[in-house]
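Colleague: I have a chain open here and would like a walk through it. Can you take my questions as they come?

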Amino acid sequence: MRASRLLSILILLQMRGRLSAEALAEEFEVSVRTIYRDVDQLSAAGVPIYAERGRSGGFALLDGYRTRLTGFTPAEADALLLAGVGGAAADLGIGAEAAAAQLKLLASLPPDSGASAQRVAQRFHLDPLNWYSRAEAIDILPALASAVWSDTRVRLRYESWKDVVTRDVDPLGLVLKGGVWYLVAAVKGKPRTYRVSSIQEFEVLKARVKRPARFDLGRYWRDWARDFETRLLEERAVVKLSPAGRRLLRDVSMAASEAAEAAHRKCAPEGWVRAEIPIESVDRATRQMLRLGADVEVVSPPALRQAIAREAAKVAKLYA
């Protein structure tokens, strides 16, 4: 564990430059005293690391020093090549660079590790899209990615659910979710989320981006996605499901399926269950429940029962 931390400290200093003992202690969740001992051990091992005192002081590596040690274990190398970022990199306009980076990674690894990583890449492929889904073709994505990299403000003409708006935003990051790209950008310092395919026009401005202090893209996205799903599925419906209906519900709405599996009780006819599930709206739920055919019966709300009955009558009339 300590050897791994020593290597991580070395690579972190190489990447970020000067860091205080407090910052390193927070990064590795250890005490400041432990960091001082680790630095002493790195220095004893011949690493040219030095300390600067004062308000803006900290630990740093001697100018020009670069370690050639990657620190990758065979399992880490396998995992990196299994990450399957090739498609995403191509969308961002850096597909060739990603392929070159993989080759350089293999070249830097011990022979056995490289061979293992190549075998993984040849035997496993990750496809994040659902069946019958296609990744959105977005021409502006490489330019938008460039603005994210260079911390440059952009002006968006964006089609939201309510209206088309023009807004100056500070790009903070891009997220690929189920084949759909989203831009996370700050407006007056507050992060917001925009679907990239809904951006009608895009202009790079001259102003520089001031990123919010301690902004973490992964943490923001997890919190935002959880909140979005909660807000989206505010309404509830009570349904009866056949065994086949319970299986089909997984493909229609995973959130509804999880709720039904977590809490249900047996009911008539034999083999059926009764459960309360989250729904987005009556219109949306009508289409979803119709996909289950006669393997679901909506008990409530009455508005959803009536909407399904009306739509079913229309379908029956077409095939009468």
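Modeller: What follows is a run through the fold, the sheets, the salt bridges and a few single residues.

Modeller: Keep in mind that this is a predicted model.

Colleague: Fine. How many helices and strands does the chain have?

Modeller: The chain has 13 helices and eleven strands.

Colleague: And what share of the residues is buried?

Modeller: Of the 320 residues, 32% are buried. The chain exposes about 21,000 Å², and 52% of that comes from carbon and sulfur atoms.

Colleague: What part of the contacts is long-range in sequence, say 24 or more positions apart?

Modeller: Counting contacts with a separation of 6 or more, 60% are between residues 24 or more positions apart.

Colleague: On to the sheets. What is the strand order in the five-stranded one?

Modeller: The order is β6-β5-β4-β3-β7, in an open sheet with antiparallel pairing. Its edge strands are β6 (190–195) and β7 (199–208), each of which pairs on one side only. From one strand to the next the twist averages 45 degrees.

Colleague: What holds strands together in a sheet, in general?

Modeller: Backbone hydrogen bonds pair the strands of a sheet, in either a parallel or an antiparallel way.

Colleague: Which strands does β3 pair with here?

Modeller: β3 pairs with β7 over six bridges, in the antiparallel sense. Six bridges also join β3 to β4, again antiparallel. With β7, V154 stands opposite V204; with β4, Y158 stands opposite V165. β3 and β4 form a hairpin, with four residues between them.

Colleague: Which side chains of β3 are buried?

Modeller: T152, V154, L156 and Y158 point to one face and are buried. R153, R155, R157 and E159 point to the other face and are not buried. In a regular strand, side chains alternate between the two faces of the sheet.

Colleague: R155 is on that second face. Which residues share a salt-bridge network with R155?

Modeller: D168 and E203 are linked with R155 in a network of salt bridges.

Colleague: And which helix lies across this sheet?

Modeller: Helix α8 (residues 141–150) lies across β3 (152–159), β4 (164–177), β5 and β7. α8 runs at about 85 degrees to β4.

Colleague: What about the sheet with four strands, what is its order?

Modeller: That sheet is open too, with the order β9-β10-β8-β11 and antiparallel pairing. β9 (264–267) and β11 (296–300) are the edge strands, each pairing on one side only. The twist here averages 35 degrees from one strand to the next. Between β9 and β10 (residues 272–279) there are four bridges, and K266 has V273 as its bridge partner in β10.

Colleague: Where does α13 sit?

Modeller: α13 lies across β8 (235–241), β10 and β11, at about 140 degrees to β11. E311 lies in α13 and touches T286, R287 and L290, leaving out residues up to four places away in sequence.

Colleague: Is E311 buried or exposed?

Modeller: E311 counts as buried because its relative accessible area is 18%, and the cut-off for buried is under 20%.

Colleague: And what comes after α13 (302–318)?

Modeller: Y319 is in the segment after α13. Y319 is exposed, with a relative accessible area of 70%. V315, L318 and Y319 form a nonpolar surface patch, with about 400 Å² of accessible area together.

Colleague: Back to salt bridges. How many are there?

Modeller: The count comes to 14. One of them joins the side chains of R5 and D38, at 2.6 Å from N to O. R5 is in helix α1 (residues 2–16) and D38 in helix α3 (residues 32–44), so this pair ties together parts that are 33 residues apart in sequence.

Colleague: Are R5 and D38 buried or exposed?

Modeller: R5 is buried at 14% relative accessibility, and D38 is buried at 0%.

Colleague: Which residue does E52 bridge to?

Modeller: E52 forms a salt bridge with R18, with the closest N and O atoms 3.0 Å apart. E52 lies in strand β1 (residues 49–52) and R18 in the loop between α1 and α2 (21–28), so the pair ties together parts 34 residues apart in sequence. E52 is partly exposed at 36%, and R18 is partly exposed at 37%.

Colleague: Last one. Where is D63?

Modeller: D63 is in the loop between β2 (58–61) and α4 (74–81), and is exposed at 73% relative accessibility. D63 and G17 are 46 residues apart in sequence and 9.6 Å apart in space, C-alpha to C-alpha.

Terms used: Residues numbered from 1 in each chain as written. Predicted model: local features only at pLDDT ≥ 70, side-chain atom pairs only at ≥ 80, totals over all residues. Heavy atoms only, no water. Helix = DSSP H or I, 4+ residues; strand = E, 2+ residues; numbered from the N terminus. Buried < 20%, exposed > 50% of the residue type's maximum accessible area, 1.4 Å probe, protein only. Contact = heavy atoms within 4.5 Å. Areas by Shrake-Rupley, 256 points an atom, 1.4 Å probe, with all protein chains shown as cover. Patch = residues over 30% accessible without salt bridge, like charges linked within 9 Å, V, L, I, M, F, W, Y side chains within 5 Å. Salt bridge = Lys/Arg side-chain N within 4 Å of Asp/Glu carboxyl O. Pairing = 2+ DSSP bridges. Axes fitted to C-alpha atoms, helices over the stretch in contact; angles between N-to-C directions.
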